[in-house]
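Welcome aboard! Open your viewer, have the selection tool ready, and follow along stop by stop.

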Amino acid sequence: MPQISNPLLKKRQVLVQTIAAQLPPACVPEYLGSVPFGAVLRVERWRYPNGLTLLSCEDDCAPVFSYHSWVRVGSRHERPTKTGLAHLFEHLMFGETAELGQGDYDRLLEEAGAENNASTWLDFTQYTVNAPAGALSLVVKLEAERLAHLQLVDEPVAREKDVVANERRYRVDDDIEGATSELLWKTAFVRHPYRAPTIGWMEDIEGFTTEDCREFFKAYYAPNNLCLVVVGDFPLRKLLELVGKAYGELPSGELPVEDLWPELPQSEERRAELTKPTPTEKLTLGYHGPALGDAEHGAVNLLIEVLCAGRASRLVRRLVHDEELATDVRAFVGPFRDPGLIEISAVAREGVTAERLLASIDDELERIKREPVASDELERAQRRTELGLLAGLDTADGKASTLGFYETLLGRPAAAFERVENWQRLTPSDLLRAARRFFEPQQRTVVCVRSQQEANT
Amino acid sequence: MSQCIRFEVAGVPVILAPSAALPLVHVLVARRFGATTDPVDGAGLCRIAARLARRTAGGRALPAIEEGLDRMGASLVTDAGYSTVAFNGVTLKRSLGAYTELLADLLVRPSLDANEHERLLREARAELLEARDSDRALANRALRQTLFAGHPYGRSVSGTLASLPSLTLERVRQHHAEATQRSQFAIALAGDLDEAAARALVLRLVSDLPDGQSTAPRPPEPKAPTGRQLVLVDKPERTQTQIYLGLLGSHVEDPDHLALHVAATVFGGSFSSRLMQAVRVERGWSYGAYASLPVDQVRQAMTLWTFPKAEDCAPCVALQLQLLEELVDKGLTQRELTGARRMLSRSHAFAIDTASKRASLGLDALTLGLPADYYDHYVERINAVQLDEANAALRARLDPSRLVVAVTGTAENLRSGLEGVIPGLTSTQVLAYDSDTL
C-alpha cells in the first residue's frame, strides 16, 4: 500500500505508540498506510503480530458500522469426497463456543440491533455483522470468541448437515438454475477444484464427520488467514484496542500448501443436458474466461455489458425484444482468483428450442468477434458500470463487501475504483481482442434444459 | 445524518432526504392506484398499464428509452403492488436533467402504442410461464388465491394466463387515464440535491399531470377462511416442499398493530425466533423458517414460510400449527418481549442508514395514509409495547383455527400425510402447477 502524506502518518504513529503503552506487544498493530476509497473516504491497513490484517474505513454518514471477517478459504481448497466442507463450516461458526451456548451468538447480536450473515464461494468465506454504532465492543468480542473457542461436537454438526442438505435441495436439486449451473461447471472443469459446487455434492455433505470439521478449522481459521474489514461510525482507537485484546493472543497457523492442478485448455466443445418439469427450454453456455487479476477481465466485463446488460444490450434486444425467442438473457464473468467461466444463459419462450436460442447467440458472438463495438455502445457500457459501482457503495455493508472482496482476491482493497477507472479507458480494440481470445466455440460448454412435458408428448 | 424535509409541490406531497455522500440522485414516484383496482376479470391490468407507460414514454420506442438510460448512467424500474404503482430509479447526478425529462414523459405522455402493447402481453405471458419454475412462488400464489378468495388481494398483481388476453389496449388506456391524476401521486427524492433543485424537479414531473381529484377505492376488509384449508400445488419429482401457512393479520391503523408486530417478531422474525429455533436449529428440517406480517390498505395476511424435504413436510406443518396455537394461547414471555423490542428499536438504524431508505420509508407512510412523520416515532412506540398488549393482540388478531396451508410438492406423496396432521381441516384442493389460473 503506498505511503501517505506525513500528517496522517504521524498521527497514526502516535496512535500506535499510545496503544503500545497500554497493551502487550501481541495486541499492538503495525500501521501499514492508507489509500483513497472513492472521493471522500480512505481505507487504512493495520497488521497485528500474529498476521491478522485489519482494514478500517471511517465513515460517519450514518450511526452504524459494518464488521466483516474474510477468511481465505473457499471450496477451491476442498478435496474430492470432502466437497462442501468450507460451506458447512460457515454454518457451524454460528454454534456454541466456550462462553456462548447454542443460539447466544444470534440472540445477543439481535438484541443489540445488529444483523448478521455469512457466505462461502469458490475462493473465500466471509462473515458480516452490521450493527448500530454503540455495539462495537460486543461485536468484536463475539467475532473473536467464535474464532478462538468454537466447540465442534457431534449433535450440532449432524443437525447442521441436515440443514445444509435442505439448502442444497432448495438451491440445486429442485431449482433449475442451480442444477444447470452445477452441471455446467462440473462439465467445463476436469482438473481444477472449481468443478465442484461450493455447497458440495449431497453424498459428501452426508458423509462429513465432526473430525473433518475440526481439522478444517485448525487448518484454515487462523488469524494470519483472516482479514477484518470495519467500515462506518466507530472510534478508531477503540477499534484497534478491542481487536488487539480479542485477537492478539491467538496463535498464527501453519497454512496448508494449496495442492491444486490448473485447468488445461479446452480443445473441443462439450455438451450436457437436463430434463426437468418446466414449461420451456433453457440454454447456458460457459466459455473459459479470465481470472479476476487478468488484464483483460475488465474488457470481458464490458463485453458482457454490451451483450447482455439491460434491454438495449445486443442479446437482450435481439432475443427478448426483436425475435421474441427468450424471456430472459443474462451473462456473467466470474470474479475468481483462477480463471473461471463466462456464462451466458437464456430462457426460451414456449415452443422455442435451445438450439434456436443458440443460433441467435452464436450469430451475435461471431459479430462481436468480427466488428469493433461502436463507441456509443462502449460509452453506455461504461456508464452502467460506473452507476453499478456507486450504487453498491450506498451502505457501510456495501463498502465493507467491496473492500473485503478485493483485498481477499487481489490484495488491493480499493481495486474496485481502479478497475472502473481503467474500464473508462478501454477502447473498441481492447474489447475486440478480448472477444477473439475468449469466445471460441472449442473452449465452451453448452448445457440445455429440456422440458419434461415436451419430452412426454 | 440529515433528516427528511417534507413539502408539497402543486399539491403533490414530497419527501426529500438530501445526502452528498455519492454523486447519485434517487427518484421514487408512487401512484396510489394499485392492483386492488384491477377488474375481477382483468387481473394484471394495473401492472400492464404501468409497464406499457414505461416502454412508450413520450412516444419513444423501447430500445431508445433503454439506450437513453444507459447513456445517462441511470435505471428506472416499474413495479405494481396492491396499493401503489412505483416508478423508481437512480441516476448519476450529472444526468438528472435528462432523467427528469424521461420520467415526466413516462408519467404524462406515454403513447401506449398498440404494437408495444401486443409485444408486452406476449412477454408477460412468457414471464408467467417461466414463473412456474419457482416452487416458492407457486405456493405463495396458491396461498393468496385461497386465503383471499373473492377479495382483490387474492388476485395476482401480475395477472394469469387466463386474464392476460382480456387486458386490451382500450382497457389499458382507460386505466391509465383514470389512474394518472395529480392527486394520486407522492414523490420521494434522495441523494445529492438540495430543496430548490428538488422542488424544480418535482414541478417538472407533475405540472402537466391532469388535475383530477379521484382516488382509488379502498378494498373491502377481507374475511377469514372457513376453518383450515389445504391447497397442494402438484409438481412432479420434488425432493423438497415449499410450505406457506397464512391467516389474517392486522392493519397498520389498528391500535394494537405494533404490539402484534413485536409478537410476530418473537414468533418468526429473526434467527432466534421460536419458529427458526424449532424448525431449523432443533430439528434441521428447513434452511429457513420465517413469519412475516406485511401491511397494506386493509388487513393483510400473516404468513409462515418453511421448505423442508418431502419426508419432513407433514411433521413440519404439524409443528408449525402447534407453535402457532401455543403462541396465541400462552402468549410471549417478558424476556421474549424485551428481546424483540430491543431488536426492533435498535435495528431501526438500518431502516434509515441511507438517504434513499429514509426517503422510501417516508413515502411508505404517505402511501399507506399514515401521518408523514409516522416512522419518526417508531422506536418510541415499539419500546412502549407491554406484555399484556402483545398477548392481547395475538388473541384478538390471530385465529389459528381459520387458516390456509399451501404446499408445492409432489401431491401423491404428500396429501394423506398432510390431511392427517391438520385438525379441523375443512377442504383440500390440488392444483396442477401448470394451471392457467394459478
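Two residues are taken to be in contact here if their C-beta atoms, placed from the backbone, lie within 7 Å. Please keep in mind that this is a predicted model.

**Stop 1: where the chains meet**

Colour the two chains separately and select the residues that touch across them. You should find 50 residues of chain A in contact with 54 residues of chain B. On the chain A side, α3 (104-111), β6 (125-132), α5, α11 (314-322) and α13 (375-391) each supply at least two residues. Which of these elements gives the largest share? That is α5(A), with nine residues. Now colour this side of chain A by residue class: 17 residues are nonpolar, 10 polar and 23 charged.

**Stop 2: a corner in chain A**

Stay with α5(A) and select residues 154-173, then add α6(A), residues 176-188. The two helices pack at an angle of about 85 degrees, with their axes 6 Å apart. Are they roughly parallel or roughly perpendicular? With angles of 65 to 115 degrees counted as roughly perpendicular, α5(A) and α6(A) are therefore roughly perpendicular to each other. Show side chains where they meet: Arg171(A), Val172(A) and Asp173(A) from α5(A) face Gly178(A), Ala179(A) and Glu182(A) from α6(A). By class, this contact has two nonpolar, one polar and three charged residues.

**Stop 3: chain A as a whole**

Zoom out and show chain A as a cartoon, with its 17 helices and 12 strands. Its radius of gyration is 24 Å, close to the 23 Å that the globule rule gives for 457 residues, so chain A is as compact as a globular protein of that length. Along the principal axes, the C-alpha atoms of chain A fill a box of roughly 75 × 55 × 40 Å. Colour by burial and 52% of the 457 residues come up as buried.

**Stop 4: over to chain B**

Switch the cartoon to chain B, which has 15 helices and 12 strands. Its C-alpha trace spans about 60 × 50 × 35 Å along the principal axes. Buried residues make up 55% of its 438 residues. If you draw a contact map of chain B, look at pairs at least 6 apart in sequence: 82% of those contacts join residues at least 24 apart.

**Stop 5: a helix that reaches both chains**

Select α2(B), residues 62-72. Its buried residues are Ile65(B), Glu66(B), Glu67(B), Gly68(B), Leu69(B), Asp70(B) and Met72(B). What do they pack against? Their partners are α13 of chain A together with α1 (45-55), β4 (74-80), β5 (85-92) and α3 (96-108) of chain B. Step just past the helix to Gly73(B), which takes a positive phi of about 75 degrees.

**Stop 6: the cores**

Next, select Ile187(B), Leu189(B), Val262(B), Ala263(B), Ala359(B) and Val407(B), which touch the most other members of the largest nonpolar core, a set of 218 residues. Helix α10 (residues 313-330) of chain B gives the most to this core, with nine residues. Centre on Ile187(B) to see its contacts beyond four places in sequence: Val12(B), Val14(B), Leu28(B), Val29(B), Val202(B) and Leu205(B). A second, separate core has 56 residues, among them Val316(A), Phe336(A), Val352(A) and Ala435(A).

**Last stop: Thr338(B)**

Finally, pick Thr338(B) in helix α11 (residues 334-347) of chain B. With 13 C-beta neighbours inside 10 Å, Thr338(B) counts as partly exposed. Draw a distance from its C-alpha to that of Val262(B): the two are 76 residues apart in sequence and 9.5 Å apart in space.

Note on methods
Residues are numbered from 1 along each chain as its sequence is written. Chains are lettered from A and ligands numbered from 1 in the order in which they are written. This is a predicted model: local features need pLDDT of at least 70, side-chain atom pairs count only at pLDDT 80 or more; totals for chains, interfaces and linings use all residues. Axes are lines fitted to C-alpha atoms, for helices over the stretch in contact, and angles run from 0 to 180 degrees between N-to-C directions. Helices (H or I, at least four residues) and strands (E, at least two) are DSSP runs, numbered from the N terminus. Angles under 35 degrees count as roughly parallel, over 145 as roughly antiparallel, 65 to 115 as roughly perpendicular and the rest as oblique. Ala, Val, Leu, Ile, Met, Phe, Trp, Tyr, Cys and Pro count as nonpolar, Asp, Glu, Lys and Arg as charged, and the others, Gly among them, as polar. A residue is buried if 20 or more other C-beta atoms lie within 10 Å of its own, exposed if 12 or fewer, and partly exposed in between; C-beta atoms are placed from the backbone. A nonpolar core is a set of buried Ala, Val, Leu, Ile, Met, Phe, Trp, Tyr and Cys residues joined through C-beta atoms within 7 Å. The radius of gyration is taken over C-alpha atoms; the globule rule is 2.2 Å times the number of residues to the power 0.38.
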